[in-house]
Amino acid sequence: QVQLVESGGGLVEAGGSLRLSCAASGSILRISDMGWYRQAPGKQRELVATITSGGSTNYADSLKGRFTISRDNAKKMVYLQRNSLEPEDTAVYYCNAMVLTTTRRNLEVWGQGTLVTVSS
């Protein structure tokens with residue numbers, strides 16, 4: 001099986017910074033795209049950013065310039081950085097990965113989510 005585990009969430013004051021981490025583990029042969037999504041209270045889950053194994057990034061148009069996604073292929077990790085947090089960034093942040101397993105299965109895997117609360 002494959003697991004994604006997020007960390008780095010919590011309560012942050014507005015104007016503060018955030019760095020979320022996501023670690024992939026399990027029967028992984030290769031990870032292609034990795035990404036971050038978020039779901040604010042009462043809203044649908046939305047894309048924040050994705051990154052390919054080669055480092056090409058894609059950001060949601062509405063969030064472009066506010067977040068930075070990066071990854072470490074050797075460690076099977078993806079990160080999300082945000083400075084100058086705003087209360088509107090309060091959400092559960094989910095890690096996502098497209099994985100080829102050692103049994104040659106292609107899986108889309110989600111983490112359990114990490115809650116970020118930004119206080120004003």
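**Notes on the predicted model: rings, bridges and strands**

1. The structure holds two aromatic pairs. In one of them, the ring centres of phenylalanine 67 and tyrosine 93 are 6.4 Å apart and the planes meet at 45°, so this pair is tilted. Phenylalanine 67 belongs to strand 7 and tyrosine 93 to strand 9, so the contact links distant parts of the chain, 26 residues apart. For the terms: rings of Phe, Tyr and Trp (the six-membered ring for Trp) pair if their centres lie within 6.5 Å, and planes under 30 degrees apart count as stacked, over 60 as edge-to-face and the rest as tilted. Strands are DSSP runs of E with at least two residues, numbered from the N terminus.

2. A word on what you are looking at: this is a predicted model, where local features need pLDDT of at least 70, side-chain atom pairs count only at pLDDT 80 or more, and totals for chains, interfaces and linings use all residues. Residues are numbered from 1 along each chain as its sequence is written, and side-chain values use heavy atoms, with hydrogens and water left out.

3. Are those two rings buried or exposed? Phenylalanine 67 is buried at 3% relative accessibility, and tyrosine 93 is buried too, at 0%. Buried here means under 20% relative accessible area, exposed means over 50%, and partly exposed is in between (1.4 Å probe, protein chains only).

4. Now the disulfide, of which the structure holds one. Cysteine 22 is joined to cysteine 95, with 2.1 Å from S to S (the cut-off for a pair of cysteine sulfur atoms is within 2.5 Å). Cysteine 22 sits in strand 3 (residues 18–26) and cysteine 95 in strand 9, so the bond ties together parts that are 73 residues apart in sequence. The torsion about the S-S bond is about -85°, so the disulfide is left-handed. Cysteine 22 is buried at 0% relative accessible area, and cysteine 95 is likewise buried at 0%.

5. How many salt bridges does the structure hold? There are seven, where a salt bridge is a side-chain nitrogen of Lys or Arg within 4 Å of a carboxyl oxygen of Asp or Glu. One to look at is arginine 38 with aspartate 89, whose closest N and O atoms are 3.0 Å apart. Arginine 38 lies in strand 4 (residues 28–39), while aspartate 89 lies in the loop between strand 8 (77–82) and strand 9 (91–101), so the pair ties together parts 51 residues apart in sequence. Arginine 38 is buried, at 6% relative accessible area, and aspartate 89 is buried at 0%.

6. Arginine 66 and glutamate 86 form another salt bridge, at 3.9 Å from N to O. Arginine 66 is in the loop between strand 6 (57–59) and strand 7 (67–72) and glutamate 86 is in the loop between strand 8 and strand 9, so this pair ties together parts 20 residues apart in sequence. Arginine 66 is partly exposed at 25%, and glutamate 86 is partly exposed at 35%. Salt bridges with shared partners join Arg38, Glu46, Arg66, Arg82, Glu86 and Asp89 into one network.

7. For a salt bridge with exposed partners, try lysine 64 and aspartate 61: their side chains meet at 3.2 Å, N to O, and both residues are exposed.

8. On to the strands, which pair if DSSP finds at least two bridges between them. Strand 4 and strand 5 (residues 46–51) run antiparallel and are joined by five bridges, with tryptophan 36 partnered by alanine 49 in strand 5. The two strands form a hairpin with six residues between them, and glycine 42 in the turn has a positive phi of about 75°. Strand 5 also pairs with strand 6, antiparallel over three bridges, and here alanine 49 stands opposite tyrosine 59. Five residues lie between the strands of that hairpin, and glycine 55 takes a positive phi near 95°.

9. Four strands form an open, antiparallel sheet in the order 1-3-8-7. Its edge strands are strand 1 (2–7) and strand 7, each pairing on one side only. Strand 3 and strand 8 pair over six bridges in the antiparallel sense, and serine 21 has tyrosine 79 in strand 8 as its bridge partner.

10. Tyrosine 79 also has company at its ring: the charged end of arginine 19 sits over it, 4.1 Å from the centre. The test is that NZ of Lys or CZ of Arg is within 6 Å of the ring centre and within 35 degrees of the ring normal. Elsewhere, arginine 45 lies over the face of tryptophan 110, at 4.7 Å from the ring centre.
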